[in-house]
Amino acid sequence: MRQPALVLGIETSCDETGVALVRATADASELLVDAVASSVDEHARFGGIIPEIASRAHLESFVPTLQRALAEADVTLAEVDAIAVTAGPGLVGPLTVGAAAAKALAVALDKPLYGVNHVIGHAVVDELVHGLFPERCMALVVSGGHTSLLLVEDAVTGVSELGHTLDDAAGEAFDKVGRLLGLPYPGGPHIDRLAREGDPTAIRFPRGLTAAKDQAKHAADFSFSGLKTAVARWVESRQDAGEELPLADVAASFAASVADVLTAKTIAACRQHGVTTLVVGGGFSANSQLRDLLAQRCAEAGIELRIPPIRYCTDNGAMIAALGAAVVRRGLPASPLDLAVDSSMPLTQVLV
Ligand code: KG4
Ligand code: ZN
């Protein structure tokens, strides 16, 4: 493919319709535009994403979002060289809408189609901000659906998963604790805000999978459901005693536990594998308790920390265009036009 190549990225795995354009050269990926339409408000009253509502919203939003992206970048569809789309993991209905749109564009424009992995996109989006990945790095992807620690020897062909959450994702745990504290959905950003006013040492909540017996088998795995239960018990006991809830302290102590475990295990994995660059992505990397602790502990450990600005961390088309650019740069073959979306696409499969 000619370079620079103009890569169109399409993301519809959850409740964000994302369309972005990235210009890929041999040694850089440049974001031209990142247009996002969200249906999050339509799900708020249900306290969670309703796949049918998200699918319909993608159907309605896709063409206007594509048109907005093209107009903002002052680019025509004829100039697009490749189309990248999220093939999974995610919700089947929403994924199918994006994949159908991408296939239609690939056929109409006679351009290659690349079905790529959403979770890896959350890490590779950082290439738009901090430059192409070094030869080896560690990636921590933390979102509402995923918490995974990846050893990245190549952003497309050399990703291995060292560990993941055995139950809730970090963002999911925040959303569930947010619900039990009576905060609006999604609770993550509300807990973050509350936690900044509280004392993180007020309550000693458990640190999942950090006991000596877990270190052998689950050194790089995470578990947040025990923590969530501990918070629920603590809140119930206060309520039963008729005492007022110190909301900010509960939020701060809970957030401190999540940040502590994520950070400690990630830095231990970097040390074990001799990796000196850590990339963090996913919607939960917006969390300020995690950002602060990572910054502090990475500096102490001599690890270069790469976290993109918050607008790149949540779901968007830029992450998919960035991963598409990485695929194009490596000259890999296009995906079949009849590619099937995969709601549980494994993290080791970066490209369909
Ligand atoms: O990556 P994302 O936009 O969607 C998924 O692929 O899941 O992540 C959304 C998740 C939600 O659980 C949300 O509550 C959480 O990230 N989140 C936060 C913060 N901002 C977003 N959690 C804690 N603190 C935040 N500041
Ligand atoms: Zn995501």
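Here a trainee and a mentor talk through how to read some features of this predicted model.

Trainee: Let's start with the metal. Which residues coordinate the zinc ion (ligand 2)?

Mentor: With a metal, look for the atoms that point at it. Here H118 and H122 each offer NE2, and D315 offers OD, at 2.0 to 2.2 Å. Along the chain, the donors of this zinc ion follow the spacing H-x3-H-x192-D.

Trainee: Where do H118 and H122 lie?

Mentor: Both sit in helix α4 (residues 118–124). They are four residues apart, about one turn of the helix. Both H118 and H122 are also buried.

Trainee: Why is the arrangement around the zinc ion (ligand 2) called irregular?

Mentor: You go by the angles between donor atoms. Four donors count as tetrahedral if all angles lie between 85 and 135 degrees. The four donor atoms around this zinc ion subtend angles of 93 to 142°, so the arrangement is irregular.

Trainee: Okay, on to strands. How many bridges join β6 to β7, and do they run parallel or antiparallel?

Mentor: For a pair of strands, check the direction, then the link, then who faces whom. β6 and β7 run antiparallel, joined by six bridges. The link is a hairpin through four residues. As for who faces whom, A139 stands opposite L150 in β7.

Trainee: And how does β7 pair with β8?

Mentor: Go through the steps again. β7 and strand β8 (residues 158–164) run antiparallel, with six bridges between them. A hairpin through three residues makes the connection. L151 stands opposite S160 in β8, and V152 has V159 as its bridge partner there.

Trainee: What should I keep in mind about side chains when I walk along a strand?

Mentor: In a regular strand the side chains alternate between the two faces of the sheet.

Trainee: Is β7 largely enclosed or open?

Mentor: Count its buried residues. Six of the eight residues of β7 are buried, so this strand is largely enclosed by the rest of the structure.

Trainee: That brings me to cores. How many residues does the largest nonpolar core have?

Mentor: The largest one has 44 residues, and F254, V258, L262 and L278 have the most contacts inside it. To see what builds a core, ask which elements feed it. At least two residues each come from β6 (137–142), β7 (147–154), α6 (170–180), α7 (187–195), α9 (225–240), α10 (247–273), β9 (277–281) and α11 (288–301). The largest share of this core, 12 residues, is from α10. Apart from this core lies another, of 39 residues, including A24, A82, F133 and M319.

Trainee: Can we zoom in on one residue? What is L278 in contact with?

Mentor: Leave aside neighbours within four places in sequence, then see what remains. For L278 the contacts include M138, A139 and L140, along with T266, C270, L294 and C298. I303, E304, L305 and R306 are on its list too.

Trainee: How many aromatic pairs are there?

Mentor: Searching the whole structure turns up three. For each pair, look at the distance between ring centres and the angle between planes. F174 and F284 have their ring centres 4.9 Å apart and their planes at 70°, so the pair is edge-to-face. The two residues are 110 residues apart, with F174 in helix α6 and F284 in the loop between β9 and α11. F174 is buried, at 0% relative accessible area, and F284 also counts as buried, at 7% relative accessibility.

Trainee: Why does the pair of F222 and F224 count as stacked?

Mentor: Their ring centres are 6.4 Å apart and their planes are at 5°, so this pair is stacked. F222 is buried, with a relative accessible area of 0%; F224 is buried as well, at 1%. There's a cluster to spot too: F174, F254 and F284 form one aromatic cluster.

Trainee: Last one. Which of these is buried and which partly exposed: D192 and K103?

Mentor: The buried cut-off is under 20% relative accessible area. D192 is buried, at 6%, while K103 counts as partly exposed, at 22%. D192 lies in helix α7 and touches A286, N287, S288 and Q289, not counting residues up to four places away in sequence. K103 lies in helix α3 (residues 92–109). On the same counting, K103 touches L113, L337, D338 and L339.

Note on methods: Residues numbered from 1 in each chain as written. Chains lettered and ligands numbered in written order. Predicted model: local features only at pLDDT ≥ 70, side-chain atom pairs only at ≥ 80, totals over all residues. Heavy atoms only, no water. Core = buried A, V, L, I, M, F, W, Y, C linked by side-chain atoms within 4.5 Å. Buried < 20%, exposed > 50% of the residue type's maximum accessible area, 1.4 Å probe, protein only. Contact = heavy atoms within 4.5 Å. Donors = N, O, S within 2.8 Å, 3.2 Å for Na, K, Ca; no water. Tetrahedral: all angles 85-135°; square planar, octahedral: opposite > 155°, others 65-115°. Pairing = 2+ DSSP bridges. Phe/Tyr/Trp six-rings, centres within 6.5 Å; stacked < 30°, edge-to-face > 60°.
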